[in-house]
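Me: Please take a close look at one part of this structure and go through it in order. Explain each term when you use it.

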Amino acid sequence: MNLSTPVQFIKGIGPKTAQRFSRLGVETAADLLSFYPRDYVDYSQPYSVASAPFDHTCVIRAEVYSKQGETLVKGGKRMVKVLAGDNSATLELVWFNNPYTAEKLQIGQEYLFYGKAGGSFQKRQMIAPVVHPLTGAPPITPIYPQTEGLNSTFIGRCVARVLEEMEQPLPEPLPADMLTRYRLPQKDAAIRAIHFPANLEQALSARRRLIFEELLVLQLGLLLLRSRDKHTTAPVMKPIDLTPFFENLPFSPTSAQQRACNEILQDFTKPIPMNRLLQGDVGSGKTLVAAAAIYAAFQNGLQSVLMAPTEILATQHASTLQKMLEPFGVQTALLTGGMRVVQKRETLAAIASGQANLVVGTHAVLSDGVEFSNLAVAITDEQHRFGVRQRQILAQKGKTPHLLVMSATPIPRTLALLLYGELDISVLDELPPGRTPVKTFSITSKKRGDMFGFLEQQIAQGRQVYLVCPLIEEKENTSSQLKSVKRYLEEIVQPLLPNRRIGLMHGKLKPKEKEAVMQEFKEGLLDVLVSTTVIEVGVDVPNATVMVIENAERYGLSALHQLRGRVGRGGGESWCILVSDHTGENVRERLRFLCHTTDGFAIARYDLEHRGPGDFFGKRQHGLPALKLADLMTDTRALKAAQQDALALLHDDPRLDNLPVLANEVQQLFEQNTAMN
Ligand code: ADP
Ligand code: MG
């Protein structure tokens, strides 16, 4: 067996099991070896029944006293109970639809039971524990993230088999002197130890080594991507006076917008490709800055492209930008995946001939068929939605364009520098005048009736409202998501707003259908838009004044803040209502924080510190490849060290010719992780 052996050739894994592994992203022996345990059980230190921590997964040592026969319980499940204990307390063990484990237990014998210790002080309980005899239990056992049909014990057995049958030790990617310097174990030893450590120190040291390797590979990858920029030149533009552009706007630009525009125009006059991040909270007016950049390129006779993460957003940008730029003669082309063949062919021809001065699109603009005539500026909106690779493909279109990435999700500056190196940052730290902050409330579903009364009032005044409906568990598929959106619409919204025009937006609609719904909402033909989070980014309907978010506890604060940013765009009073029945103190605290804070940066910081669901780094919103072990927020020391080492390695060996194993890992990391969303 070697690293590239497909998992179905491992003994004990049939085609069905291989499919389940595939769902976890595990295709080969190598994938299996880097499917790391999330925790360990230490059978050598069992708890007594009374001392076992409540609601924690742990090992308890207890004697079996008696067994109850099988009984049928609600839902048709068959339940078996076993009574066990020690001289500290008794422990009830319960299994559903599994009589086999209990059958094998012998009365009067002691065993080790591993599971979550619940119940009450009078009666401790464990549901479906793993059982080990007192002797022969491994000292430390790995616990793997489980999925349907693959339990942790089975995964562990497969990993053990691969490690046994591997013909050669795992190749070492890191140079020997680096291992000595940081006192890191060899790769082969580390992989063995992270799965089957002799003790917990060994597991930790293996982890430390693998985290370092992961960060080094990440840094090398980023540096290699960037080093290509250094040898290229971008179109040099003549300085452009933005006065006519600004004078044509219905409002005057904020000073933050003017500053950002000037910084960009400065960069355009240099032959070094611009690599600039435009950071600004929702509603700060990033689109205008993009338009100014496009204007400057156009006045130099050059093309621009703007890439947005969704069709809705691309369509909206195309029309906004067209309005701002058409008076100057700019021809805009919209390019999306859902276009008809003929239409697409014409658009591609217009882009290739230079007849289209501005191309706005989804990631369809990245495809091979898109050839530009003289591309000079490439812009991505909501950059965190795109992978580093996708941005790089865009940067390589045409003759190395200047790159502008726009984002409402702030990254702490120190981290941004570590991740992107010499990326320049412009910040829009000022909202356009006349905005009143969105009033934010958090309510429970008991008040939903009252809330709909309020919505009715708003609609009666000619306003429009968004209802973002329950997010469902991630593992549920889009069709069950659809079902729950529809149920929400039919059972809650329609009865409570009987005479109102209600639109429905969800991920299963075809691009054309989404666009049609959005268009109707924009034109005021709909009073209410019930939606999943597809409206999250960038959508601009100034007449909408209320944003309701159901199951608000399921979102990170930054995501909620983005959603809230959809209202309060028209200058009138506006509201955001967070509906949640969650009683957990930290959830309530989180929602309260949002109710009192409108500063996007403070909100992002809160997310970073508290690591709520959907938080910035947890969900790969940074657009970097997924990391298996390392954590960019907490492993900062290792990250800094890895960055220095990566620089040093590339300085001596720019293409890593002498470290082929490492070079291969770098390549793989970025290849596996191009697709996002
Ligand atoms: P975001 O930064 O979230 O992308 P947008 O570019 O969508 O923000 O702008 C939000 C709204 O603010 C738009 O309706 C836009 O027309 C308006 N806007 C932008 N700049 C100004 C300004 N200087 N004065 C008044 N309104 C502005
Ligand atoms: Mg925007």
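Reply: A polar contact is a pair of N or O atoms within 3.5 Å; within protein, one must be able to donate a hydrogen and the other to accept it, and residues adjacent in sequence count only if both atoms are side-chain atoms. The model is predicted, so local features need pLDDT of at least 70 and side-chain atom pairs pLDDT 80 or more, while totals for chains, interfaces and linings use all residues. Residues are numbered from 1 along each chain as its sequence is written, chains are lettered from A and ligands numbered from 1 in the order written, and side-chain values use heavy atoms, without hydrogens and water.

Start at ligand 1. It is surrounded by 17 residues (those with a heavy atom within 4 Å of it), and the closest are Gly 283, Lys 286, Thr 287, Arg 435 and Asp 540. An oxygen atom of the ligand lies 2.6 Å from a polar backbone atom of Gly 283. For Ser 284, an oxygen atom of the ligand is 3.4 Å from a polar backbone atom. On the side-chain side, an N or O atom of Gln 257 is 2.9 Å from a nitrogen atom of ligand 1.

Thr 287, listed among the closest residues, also belongs to a helix contact. Helix α10 covers residues 286-299 and packs with α11 at about 55°, the axes being 10 Å apart (helices are DSSP runs of H or I, at least four residues, numbered from the N terminus; axes are fitted to C-alpha atoms over the stretch in contact, with angles from 0 to 180 degrees between N-to-C directions). That angle makes α10 oblique to α11 (under 35 degrees is roughly parallel, over 145 roughly antiparallel, 65 to 115 roughly perpendicular, the rest oblique). Thr 287, Leu 288, Ala 291, Ile 294 and Tyr 295 of α10 touch His 317, Leu 321, Met 324 and Leu 325 of α11 (contact: heavy atoms within 4.5 Å). By class, these residues are 7 nonpolar and 2 polar, with no charged ones.

Helix α11 (residues 311-325) also packs with α17 (residues 511-522), again at about 55°, with axes 9 Å apart. These two helices are therefore oblique to each other. Here α11 contributes Glu 311, Ile 312, Thr 315 and Gln 316, and α17 contributes Pro 511, Lys 514, Glu 515, Met 518 and Lys 522. This contact divides into 3 nonpolar, 2 polar and 4 charged residues (Ala, Val, Leu, Ile, Met, Phe, Trp, Tyr, Cys and Pro are nonpolar, Asp, Glu, Lys and Arg charged, the others, including Gly, polar).
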